[in-house]
Amino acid sequence: MDSIWINAPAKINIGLDVLRRREDGYHEVKMIMQSIRLFDRLTLTKSAEPGIRLQTNLHFLPVNEDNLVYRSAKMLMDEFGIKEGVDIQLEKRIPVAAGMAGGSTDAASCMLALNNLFELGLTKRQLMKRGVKLGADIPYCVLKGTVLSEGIGELLSTIPKMPDCHILICKPGIHVSTKFVYTNLVLDENTPHPDIDSMIDAMRKKDLHGLCSRLGNVLETVTIPAHPEIDVIKKCMMENGALGSLMSGSGPTVFGIYDDLDKAKAAKEKCRALPYHCFVFVTDLYR
Ligand code: ATP
């Protein structure tokens with residue numbers, strides 16, 4: 001085998017809570033991650049010429065060590081002393097800096113693909129252990145599916161699968177700095193925390209309506225006041241048949257959950273018509 005391709009799925013946060021800020025500045029989180037069928041695609045081809053050559057369809061993305069794909073490939077190739085080279089084609093479809101872990105899923109998929117291409121024989125757990133050195137979300141992106149993430153994002157446990165549904169993604173054309181959001185997060189007695197345990201309970205009971213009534217992301221308390229259009233998008237989704245709607249990660253992506261595909265498609269057109277230059281996409285869960 002000289003060439004291999006892999007789909008790298010995006011994630012959304014069905015629930016995101018921050019429990020406390022640690023002495024070392026890290027935040028202790030409790031979040032439910034869910035992969036969705038919105039993919040970047042990586043194609044890796046072995047080459048006799050040593051080194052890593054990365055190409056991508058997005059001209060503004062770096063193709064050197066600043067790209068997580070390059071860095072993850074280099075980490076594995078250095079460790080295993082691989083003398084051959086690799087050409088990597090990265091086709092981005094997941095919006096960049098959107099709260100959907102685009103870079104992390106690319107890195108995770110690159111490691112999975114390299115492991116196969118060069119027959120390194122690493123297990124998923126071994127890849128996750130290496131991936132966390134490059135980013136807290138990378139181990140989850142190796143695992144994928146419906147996962148509870150705790151600690152600073154490194155403690156992962158599988159939980160009951162999310163009930164089947166359709167997902168509308170809407171990312172307005174604004175930039176949100178993750179650092180700004182975490183720096184300005186106020187955790188006090190007035191902070192509304194989502195009840196992650198009861199969300200997991202609803203998943204266990206396959207109760208989509210119960211789950212959707214409990215959606216919550218504590219980071220909305222920072223991002224929405226700074227970018228009120230996020231709330232407008234949420235309301236647009238709810239007024240157009242969503243069972244629930246929430247911001248993913250630190251934003252600005254908003255998702256809506258639907259039990260009816262036609263409603264999701266109609267809501268997509270409503271969101272597209274909003275004056276925020278939105279990327280809109282209807283999809284479903286990646287298991
Ligand atoms: P998260 O949900 O983990 O916060 P995100 O979706 O908000 O991630 P990314 O799309 O991963 O953010 O991009 C964040 C930054 O990482 C970008 O500014 C980009 O320059 C850099 N980056 C490095 N490698 C990649 C990659 N393969 N794809 C996208 N961005 C990358």
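**The ligand shell and the largest pocket**

Helix H2 gives three residues to the shell around the ligand, the largest share. In this predicted model, H2 spans residues 102-117. The shell comprises 18 residues, and those that come nearest to the ligand are Asn67, Lys92, Ala97, Ala101 and Gly103. By class, nine residues of the shell are nonpolar, four are polar and five are charged.

Oxygen atoms of the ligand lie close to polar atoms of the protein in several places, among them Gly99, where a polar backbone atom is 3.0 Å from a ligand oxygen. At Gly102, the distance between a backbone N or O atom and an oxygen atom of the ligand is 3.5 Å. Asp137 takes part through its side chain, with a polar atom 3.0 Å from a ligand oxygen. On its own the ligand has 620 Å² of accessible area, and the protein covers 73% of this area.

The ligand sits in the largest pocket. Two elements, H1 and H2, give two or more residues to the shell around the ligand. The volume of the largest pocket is about 1200 Å³. Its lining is made up of 46 residues, with Ala101, Ser104, Ala136, Asp137 and Thr178 nearest the centre of the pocket. At least two lining residues come from each of strand S1 (3-21), strand S2 (27-47), helix H1 (68-79), helix H2 (102-117) and helix H5 (178-183). The lining of the largest pocket contains 24 nonpolar, 14 polar and eight charged residues. Asp137 thus appears both among the residues nearest the pocket centre and in a polar contact with the ligand.

How values were computed
Residues numbered from 1 in each chain as written. Predicted model: local features only at pLDDT ≥ 70, side-chain atom pairs only at ≥ 80, totals over all residues. Heavy atoms only, no water. 1 Å grid on protein atoms, 1.4 Å probe; cavity = no way out; pocket = protein on both sides within 12 Å on 5 of 7 lines; lining within 4 Å. Points joined across faces, edges and corners; volume = space filled by probe spheres on them. Helix = DSSP H or I, 4+ residues; strand = E, 2+ residues; numbered from the N terminus. Nonpolar A, V, L, I, M, F, W, Y, C, P; charged D, E, K, R; others polar. Near = heavy atom within 4 Å. Polar contact = N/O pair within 3.5 Å; in protein donor to acceptor, adjacent residues only side chain to side chain. Areas by Shrake-Rupley, 256 points an atom, 1.4 Å probe, with all protein chains shown as cover. Sits in = over half its atoms within 2 Å of the grid points.
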